[in-house]
Amino acid sequence: MAPTQERRILCSNRRARYEYQIEEVIEAGIALTGTEVKSLRDGKADLKDSYAAIEGQEAYLFNCHISPYTAGNRFNPDPNRKRKLLLNRMEIARFTGKVQEKGLTLIPLSFYLVRRKIKMELALARGKKLYDKRETLKQRAMTKEMDQLARGRADRG
C-alpha cells in the first residue's frame with residue numbers, strides 16, 4: 001500500500017464550481033520562481049479570474065495573481081505573469097482537442113502542497129448559463145432546509 005499523501009491547500013477558487021460545470025479534474029505542476037513559492041506558502045495568491053490555455057505545444061496559466069514576497073528583493077517577478085504548466089505531451093494533446101471541439105475551458109481550482117512540491121488542480125469545465133446557476137442555488141437551499149428539518153431546527157410557523 002502506498003502511504004497517503006498529505007495535501008495542504010494553499011489557495012482555492014471557490015467561485016469556479018458555481019460559475020462552471022466541472023467535467024474532469026487533473027493535477028498539474030507549475031513552474032514558479034523562489035519568491036513566488038514563498039508567497040504561495042503564505043497564501044498570498046488569487047485564482048479569481050485566472051484560466052489556462054494551450055499555446056503551441058505548451059500549457060500556460062494566465063491572470064493568476066501571486067503577490068510579491070514581502071521579504072523579497074527588487075527582482076520579484078510580475079504578479080500577473082503567465083506561468084508554464086507542467087503537463088505531459090499526451091495530456092496537452094487531449095485537452096487541445098476537447099477545448100477546440102466541445103467548447104470547454106481549462107480553469108484552475110486550487111494550489112496545494114504535496115510533500116514539498118506545489119501542485120495545481122486544473123479542471124476541464126463548461127460555463128453555466130444563468131438558469132443553471134439558479135438551479136444550483138435552489139438545490140443548495142433545499143438541502144440546507146432538509147438538514148435543518150432533520151436536526152429539528154427549522155422554523156415552525
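**Exercise 1. Glu36 and its surroundings**

The side chain of Glu36 makes a polar contact with the side chain of Arg83, at 2.9 Å. This is a predicted model. Your task: find where Glu36 sits, decide whether Glu36 is buried or exposed, and list which residues Glu36 is in contact with beyond its sequence neighbours.

*Solution.*
- Step 1: place the residue. Glu36 belongs to helix H2, which covers residues 34-41.
- Step 2: check the accessibility. The relative accessible area of Glu36 is 4%. Buried means under 20%, so Glu36 is buried.
- Step 3: collect the contacts. With neighbours within four places in sequence left aside, Glu36 is in contact with Ile66, Pro77, Asp78, Arg81 and Arg83. Arg83 is also the residue whose side chain makes the polar contact with the side chain of Glu36.

**Exercise 2. The cavity**

How many cavities of 30 Å³ or more does the structure hold? Describe the largest cavity: its space, its lining and the make-up of that lining.

*Solution.*
- Step 1: count. There is one cavity of 30 Å³ or more.
- Step 2: give the volume. The largest cavity has about 40 Å³ of space.
- Step 3: walk around the lining. Glu36 and Arg83 from the previous exercise return here, as both line the largest cavity. The other lining residues are Thr35, Ile66, Ser67, Pro68, Tyr69, Asn76, Pro77, Asp78 and Pro79.
- Step 4: sort the lining. Five of its residues are nonpolar, three are polar and three are charged.

**Exercise 3. The nonpolar cores**

Which residues of the largest nonpolar core touch the most other members, and which element gives the most to this core? Then look for another core.

*Solution.*
- Step 1: find the best-connected members. The largest nonpolar core has 25 residues, and Leu85, Phe111, Met120 and Leu122 touch the most other members.
- Step 2: see which elements contribute. At least two residues of this core come from each of strand S1 (7-12), strand S2 (20-30), S5, helix H3 (89-102), S8 and S9.
- Step 3: pick out the leading element. S9 gives the most to this core, namely four residues.
- Step 4: look beyond this core. Another core lies apart from it and has five residues, including Ile107, Leu109, Ala123 and Ala125.
- Step 5: zoom in on Leu85. Not counting residues up to four places away in sequence, Leu85 touches Gly29, Ile30, Ala52, Ala59, Tyr60, Leu61, Met120 and Leu122.

**Exercise 4. Two loop residues with positive phi**

Look at Asn63 and Arg115. What is the phi of Asn63, and what is the phi of Arg115? Where does each residue lie?

*Solution.*
- Step 1: read the angles. Asn63 has a phi near 60°, and Arg115 has a phi near 55°. Each is a positive value in a residue other than glycine.
- Step 2: locate the loops. Asn63 is in the loop between strand S5 (58-62) and strand S6 (65-66), while Arg115 is in the loop between strand S8 (105-114) and strand S9 (117-127).
- Step 3: classify the accessibility. Exposed means over 50% and buried means under 20%, with partly exposed in between. Asn63 has 41% relative accessibility, so Asn63 is partly exposed. Arg115 has 65%, so Arg115 is exposed.

**Exercise 5. A buried serine in a loop**

Where is Ser50, and which backbone oxygen does the side chain of Ser50 reach?

*Solution.*
- Step 1: place Ser50. Ser50 lies in the loop between strand S3 (45-46) and strand S4 (51-55).
- Step 2: check the accessibility. Ser50 has a relative accessible area of 4%, so Ser50 is buried.
- Step 3: follow the side chain. The side chain of Ser50 reaches the backbone oxygen of Leu47 at 2.9 Å.
- Step 4: list the contacts. Neighbours within four places in sequence aside, Ser50 is in contact with Leu61, Phe62, Asn63, Cys64, Ile107 and Pro108. Asn63, among these contacts, is the loop residue with phi near 60°.

**Exercise 6. The end of strand S9**

Gly127 lies in strand S9. What are the contacts of Gly127 beyond four places in sequence, and how many Å in space separate Gly127 from Arg83?

*Solution.*
- Step 1: check the accessibility. Gly127 is partly exposed, at 42% relative accessible area.
- Step 2: list the contacts. Leaving aside neighbours within four places in sequence, Gly127 is in contact with Glu19 and Tyr20.
- Step 3: compare sequence and space. Gly127 and Arg83 are 44 residues apart in sequence, and their C-alpha atoms are 23 Å apart.

Note on methods
Residues numbered from 1 in each chain as written. Predicted model: local features only at pLDDT ≥ 70, side-chain atom pairs only at ≥ 80, totals over all residues. Heavy atoms only, no water. Buried < 20%, exposed > 50% of the residue type's maximum accessible area, 1.4 Å probe, protein only. Polar contact = N/O pair within 3.5 Å; in protein donor to acceptor, adjacent residues only side chain to side chain. Contact = heavy atoms within 4.5 Å. 1 Å grid on protein atoms, 1.4 Å probe; cavity = no way out; pocket = protein on both sides within 12 Å on 5 of 7 lines; lining within 4 Å. Points joined across faces, edges and corners; volume = space filled by probe spheres on them. Nonpolar A, V, L, I, M, F, W, Y, C, P; charged D, E, K, R; others polar. Core = buried A, V, L, I, M, F, W, Y, C linked by side-chain atoms within 4.5 Å.
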